[in-house]
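Okay, thanks for coming, everyone. I'd like to walk you through a structure you probably haven't met yet, so have a look at it with me.

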Amino acid sequence: MIVNLTRPMLVFDDLHKSFGDIRALDGCSFQVRPGKMLGFLGPNGAGKTTAMRAVFGLIRPDSGQVLWEGRPVEKDTATRFGYMPEQRGLYPKMRLHDLLVYMGRLHGMSKGDAAASADSWLERLGLAERATDRVEALSHGNQQRVQLAAALVHDPDVMILDEPFSGLDPIAVDTMSGILREAAAQGKAVVFSSHQLDLVEDLCEEVAIINQGRVVVEGDVKQLKEASPYRRLEIDFDGDIGDLAGALDGVHDLVSFNGHHQLTIDANTDIRQFLARAQETGHLRTFSYTAPSLSDLFREAVR
Ligand SMILES: Nc1ncnc2c1ncn2[C@@H]1O[C@H](COP(=O)(O)OP(=O)(O)O)[C@@H](O)[C@H]1O
Ligand SMILES: [Mg+2]
């Protein structure tokens, strides 16, 4: 792998990890650039959590390494990395403010700085009045907000978040999105795993898709879409869609519902004849021609 050492980058370099017969990571490689949020995608059991845990030494890879600014990360994780693990509900008995101060102290902050940061996070998350409540007394969404604050209280340069959006209501999703966007805009390296591909599409400039322990697609979302060999043609059409689609070259898929038709076609298929014919043979109300969605790319990648 060619690693550019002049710019800080988080590099997952050829990680392998087996648990008995299970190959959780099988040559997992990808890079996270500061300022560009990266969505880490993959089916259940693909190896996302294992790769993230490897950054923090929570699992020891059989081979491969994780590098930050060209060096193994071990010594940086305490102060420069923030981690939101998959399993929540850590420290349920602690009070919010105490927990955040504790996490700040763990990551090398002075007591005063940690307390100031805890205050500001609780304020920002709308939890200031609950500062002395125990974590377990909060709703799921609020517990997740606190988990996020716990990962960020020491203002890390690198943020690694394992399914931070799972189970959140739309308002909590907005809060979480806003904080991640702001972090990326400040030049932090942000990577998070998620199954909510619409959200990833809104937030992330870059994605890495892992399947069976190996990253199978990596790069700029826009470029990946443009480079796809497929396009999506959607029409609202009253008429004989079977006849119409039959006359078009390179149709891979047709899904029809209630006069709305979605066709997956070759990117180089010329659709002008198709549209003309649709207007001649029936009533064409709307049409759109777009690159595949991130969900389409995902399905293609893990098929
Ligand atoms: N500590 C472990 N012991 C045994 N198997 C594990 C362990 N951690 C993960 N695995 C297995 O490794 C594979 C990858 O898991 P994981 O990294 O959690 O996937 P993901 O986060 O993408 O859903 C799965 O088959 C999982 O069951
Ligand atoms: Mg996981």
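Before we start, one bit of vocabulary: when I say two strands pair, I mean that DSSP finds at least two bridges between them. And keep in mind that this is a predicted model.

So, let's begin with the sheet. Six strands make an open sheet, and the order is β6-β7-β8-β3-β9-β10, with mixed pairing. At the edges sit β6 (81–84) and β10 (214–220), each of which pairs on one side only. From one strand to the next, the twist averages 15°.

Now zoom in on β3. What does strand β3 do with strand β9? Well, β3, residues 38–41, and β9, residues 206–211, pair in the parallel sense over four bridges. You can find L41 across from its bridge partner I209 in β9, and G39 has V207 of β9 as its bridge partner. On to β8, residues 189–193: β3 and β8 also pair in the parallel sense, here over three bridges. There, F40 stands opposite S193.

Which way do the residues of β3 point? L38 and F40 go one way, G39 and L41 go the other way, and all are buried. That fits the general picture: in a regular strand, side chains alternate between the two faces of the sheet.

Okay, helices. I'll take α5 and α6 together. The axes of α5 (residues 140–152) and α6 (residues 170–185) come within 10 Å and cross at roughly 10°. Angles under 35 degrees count as roughly parallel, so α5 and α6 are roughly parallel to each other. Who makes the contact? From α5 it's G141, Q144, R145 and L148, and from α6 it's A172, T175, M176 and I179. Sort those contact residues by type and you get four nonpolar, three polar and one charged.

Last stop, ligand 1. Which residues surround ligand 1? Going along the chain, we have F19, I22, A24, G42, N44, G45, A46, G47, K48, T49 and T50. Two elements, β2 (22–32) and α1 (48–55), each supply at least two residues of that shell. Of the elements, α1 gives the most, with three residues. By type, the shell around ligand 1 splits into six polar, four nonpolar and one charged.

That's my tour. Shall we go to the discussion?

Definitions and conventions
Residues are numbered from 1 along each chain as its sequence is written. Chains are lettered from A and ligands numbered from 1 in the order in which they are written. This is a predicted model: local features need pLDDT of at least 70, side-chain atom pairs count only at pLDDT 80 or more; totals for chains, interfaces and linings use all residues. A residue is near a molecule or strand if its C-beta atom, placed from the backbone, lies within 6 Å of it. Ala, Val, Leu, Ile, Met, Phe, Trp, Tyr, Cys and Pro count as nonpolar, Asp, Glu, Lys and Arg as charged, and the others, Gly among them, as polar. Axes are lines fitted to C-alpha atoms, for helices over the stretch in contact, and angles run from 0 to 180 degrees between N-to-C directions. Two residues are in contact if their C-beta atoms, placed from the backbone, lie within 7 Å. Angles under 35 degrees count as roughly parallel, over 145 as roughly antiparallel, 65 to 115 as roughly perpendicular and the rest as oblique. A residue is buried if 20 or more other C-beta atoms lie within 10 Å of its own, exposed if 12 or fewer, and partly exposed in between; C-beta atoms are placed from the backbone.
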